[in-house]
Amino acid sequence: MKKKYSTYQFEAALDEVGRGCLAGPVVAAAVILPADFYHKDINDSKKLSPKKRKELGAIIKDNCLSYSIAEVPSKKIDEINILNASFLAMHIAIEKLSIVPEFLLVDGNRFNPYKNIPHFCAIKGDANFLNIASASILAKNYRDSLMEKLHEKFPNYYWNKNMGYPTIQHRKAIQEFGITNFHRKSFNLFPIQLSLEL
């Protein structure tokens with residue numbers, strides 16, 4: 001895994017989580033790591049256990065030069081669509097960094113340019129770059145914690161387990177209990193066809 005993409009000192013890595021969810025915000029994290037930082041366990045957040053993610057999240061926060069986390073709520077997602085909401089979350093995260101980045105390394109294949117800062121989009125960047133993987137861990141930890149707290153208010157949807165993603169259990173709960181203010185009304189919330197329980 002490469003540490004970074006560019007030769008700039010202040011390269012900010014960006015990743016988002018929650019794009020495919022039916023409920024909750026889309027969350028983006030930006031992180032600038034020092035040149036000498038490396039940790040062998042840092043990887044794509046989806047490949048790590050929750051316990052390991054939390055451990056690594058604390059290490060990343062303690063060692064990075066700057067980090068920030070931003071969220072765009074479901075209502076805004078419905079207004080501007082999920083792709084634009086993902087870009088907006090990333091832009092807010094960049095704005096919140098305590099260091100102005102010289103270069104942006106973005107996970108994925110598309111990005112709306114931010115001001116005049118050069119950027120590069122890295123497909124599967126969270127599996128190939130240490131700084132994007134670090135951003136993915138911070139974003140995932142933040143969003144999972146948020147959905148676990150929302151689960152306490154709305155236990156019928158099992159957000160502590162599905163984190164708002166479109167599991168069969170989540171879709172059945174929507175059909176039975178309706179939607180909350182945290183659901184994305186512009187998404188296909190209901191199952192096209194629920195399997196018959198014979």
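## The main nonpolar core

A nonpolar core is a set of buried Ala, Val, Leu, Ile, Met, Phe, Trp, Tyr and Cys residues joined through side-chain atoms within 4.5 Å. In this predicted model, the largest such core has 34 residues, and the members that touch the most others are Leu14, Val26, Ile77, Leu104, Val106 and Phe111. Both strands and helices supply two or more residues to this core: strands S1 (11-17), S2 (26-32), S3 (66-72) and S4 (103-107), together with helices H3 (82-96), H5 (130-153) and H7 (168-177). H3 is the top contributor, giving seven residues.

## Val106 and a second core

Val106 is a handy residue to click on if you want to look around the main core. Setting aside neighbours within four places in sequence, Val106 is in contact with Leu14, Met90, Phe111, Phe120, Cys121, Ala122 and Ile132. Apart from this core lies another, made of 23 residues, including Ala13, Val27, Ile69 and Leu105.

## Helix H7, face by face

Let's turn to H7, one of the helices that give two or more residues to the largest core. Its buried residues are His170, Arg171, Ala173 and Ile174. Viewed down the axis of H7, these buried residues fall within an arc of 160°, so they line one face of the helix. An α-helix has 3.6 residues a turn, so residues three or four places apart point the same way.

The buried residues of H7 pack against helix H6 (159-162). On the face turned away from the buried side, H7 carries the exposed residues Ile168 and Glu176. After H7 comes Gly178, with a positive phi near 80°.

Key:
Residues numbered from 1 in each chain as written. Predicted model: local features only at pLDDT ≥ 70, side-chain atom pairs only at ≥ 80, totals over all residues. Heavy atoms only, no water. Buried < 20%, exposed > 50% of the residue type's maximum accessible area, 1.4 Å probe, protein only. Helix = DSSP H or I, 4+ residues; strand = E, 2+ residues; numbered from the N terminus. Contact = heavy atoms within 4.5 Å. Arc of directions from axis to C-beta.
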